[in-house]
Amino acid sequence: MENAVRDWRGRSYLPGPVPADRTRMFWLSWGAMAAISPLQYGYAGLLARDAAGLTLLAVWIACQAAGALPALHLVRRGRLGVRTSLVAGAALSALGLAAAALGDPGPATLVGYALLGGLGAGLVYGICGEVVSSWHPERPAARVGLITGAFGYGAVPVLVWAGIAPSATSTALLVAAAVAAVVIGAAARHLRLAPARWWPDDVDPRTHALDAARLRVTPDAAKQFGLPQALRTRTLPALALILTCAGAVSVFDVVVVAGTGVWGALALLVALNGASRSVAMRCSELFGRRRVLAAVLGSLAVGQVLLATALQPIAPTAPAGPVPLAASGGDLAGAAGAGGPLVAGGGPLLWLGVVAAGLGGGAFYPLLASLVREFFGVERAGEIHAVVYSAKALAGVAAVGLALAALGDPVTALAVAAVLAALPALATPRLRIPGLPATIPV
């Protein structure tokens, strides 16, 4: 391989000049991720208030999670171009937002928003992450964490707009559709994948591979796994199960906090969901991925406990049984009925719960992506992570189940959510790098 260098593990690199538009490609990817955010967090916060809306959200999540894997497979093999994929993603994402603006959970919204909008968002999510990681091989996890953060907090302007003027919800979603078409279309014009094994020539790959401080905190994989090999390990199903549990709780929290009617709390939850991702990635480079992931999931579990406490009736005349949420028009703040108000009207426990749940509700996504690279190597990390990420489809179903249960008893649903977040938090420190002997304490 001409001009190739090898590190101490035998991995090949092709050092080359850093393209002048690498920074622009990063920011266009960031913008494209922000543009698809209203499809998930905007819809969950504004329209997923009953069984029909929640079902559409579950279908959208399943299509979004499943759409990334085949797209990455075709792009990696040169059968589908980055530009073509993103053009399709722009059109489908804009269509999905326009369909959501109809506000009617009928067949048109099912096809336009849930099916086509979900597939479009999956294309954008998968391709942008692959492009950014290919052009930043020396720090792929940190860079991808930054753009996936935009997928979290990109919906904040729509949520704030609709919260201030509820009658303008459809207009806000239509504006978001136009923004998505323009921003993702611009990304399609400029984004491209780096050449295979490319490495920036201003960083010595051999020195980087021998960095003792980095290896002590974030060790490299024992070998470069292919997808079939990774599927035969115990680690990949464990990562998928963690994503399923945490992903379900994350989406469920958006629906629950939206139901309180406190739009400032909802905006804060979604903003922290995105911003915490880059913070968690920086912390993981200092303290290790597994430790930070356990802390993130622990924060998510604590958030459920705080929210459950905030939603408890405080009036002494509270009824013995829960009052259906539907009876109050889908508003948790009024679910106590004649029995008394809920603390959710703006009490400190609600805001503390929102902070804890927000800090833990999104940061696990880039942490799991970085653990895929740490456990299975970088050569097929995109495809392997796409398999793990596809577990988000199951997370969507679980989130809808929790949200439907919360219509009748939000406190019990939040308690179940706390268990779903706490169990993987306890199991995360036991994750091991595949391929190492069991006697090695890593």
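Is Asp204 buried, partly exposed or exposed, and at what relative accessibility? In this predicted model, Asp204 counts as partly exposed, at 35% relative accessibility. The side chain of Asp204 meets that of Arg206 in a salt bridge, with an N to O distance of 3.6 Å, and Arg206 likewise counts as partly exposed, at 42% relative accessibility.

A search of the whole structure finds eight salt bridges, and among them are two that involve Glu374. In one, the side chains of Glu374 and Arg289 meet with N and O 3.8 Å apart. Because Glu374 lies in helix α15 (residues 364-376) and Arg289 in helix α13 (residues 289-310), this pair ties together parts of the chain that are 85 residues apart in sequence. Both Glu374 and Arg289 are buried. Glu374 also forms a salt bridge with Arg290, for which the closest N and O atoms are 4.0 Å apart; here too distant parts of the chain are linked, with Glu374 in helix α15 and Arg290 in helix α13, 84 residues apart. The relative accessible area of Glu374 is 5%, so this residue is buried under the 20% cut-off, and Arg290 is buried as well, with a relative accessible area of 16%. Elsewhere, Asp21, Arg24 and Arg192 are linked in a network of salt bridges.

Aromatic contacts were examined next, and the count comes to 14 aromatic pairs. The rings of Tyr41 and Phe151 have their centres 5.8 Å apart, and their planes stand at 65 degrees, so the pair is classed as edge-to-face, for which the angle must be over 60 degrees. This pair links distant parts of the chain, since Tyr41 belongs to helix α1 (residues 22-46) and Phe151 to helix α5 (residues 140-153), with their positions 110 residues apart in the numbering. Tyr41 and Phe151 are both buried. Phe151 forms a further edge-to-face pair with Tyr125, at 5.3 Å centre to centre and with 80 degrees between the planes. In this second pair, Tyr125 of helix α4 (residues 107-135) is linked to Phe151 of helix α5, 26 residues apart. Tyr125 counts as buried at 8% relative accessibility, and Phe151 is buried with a relative accessible area of 2%. Tyr41, Tyr125 and Phe151 form one aromatic cluster together with Phe364, Tyr365 and Tyr389.

Charged side chains also sit over aromatic rings. The charged end of Arg143 is placed over the ring of Phe26, 4.9 Å from its centre, and that of Lys223 over the ring of Phe225, at 5.0 Å from the ring centre.

Helix α4 also contains Leu110, which is partly exposed, with a relative accessible area of 34%. Together with Val111 and Leu115, Leu110 forms a nonpolar patch on the surface, and the three residues have about 210 Å² of accessible area together.

The structure holds zero disulfides. Of the cysteines, Cys128 is buried, with a relative accessible area of 0%, and Cys245 also counts as buried, at 16% relative accessibility. A further contact between remote positions involves His73, a residue of helix α2 (residues 51-76) that is partly exposed, with a relative accessible area of 32%. The C-alpha atoms of His73 and Gly382 are separated by 8.9 Å, although these residues are 309 residues apart along the chain.

Notes. Residues are numbered from 1 along each chain as its sequence is written. This is a predicted model: local features need pLDDT of at least 70, side-chain atom pairs count only at pLDDT 80 or more; totals for chains, interfaces and linings use all residues. Side-chain values use heavy atoms; hydrogens and water are left out. Rings of Phe, Tyr and Trp (its six-membered ring) pair if their centres lie within 6.5 Å; planes under 30 degrees apart count as stacked, over 60 as edge-to-face and the rest as tilted. Helices (H or I, at least four residues) and strands (E, at least two) are DSSP runs, numbered from the N terminus. Buried means under 20% relative accessible area, exposed over 50%, partly exposed in between (1.4 Å probe, protein chains only). A charge sits over a ring if NZ of Lys or CZ of Arg is within 6 Å of the ring centre and within 35 degrees of the ring normal. Patches are made of residues with over 30% relative accessible area and no salt bridge: like charges are joined within 9 Å, nonpolar side chains (Val, Leu, Ile, Met, Phe, Trp, Tyr) within 5 Å. Accessible areas come from the Shrake-Rupley method with a 1.4 Å probe; for residues, only the protein chains shown count as cover. A disulfide is a pair of cysteine sulfur atoms within 2.5 Å.
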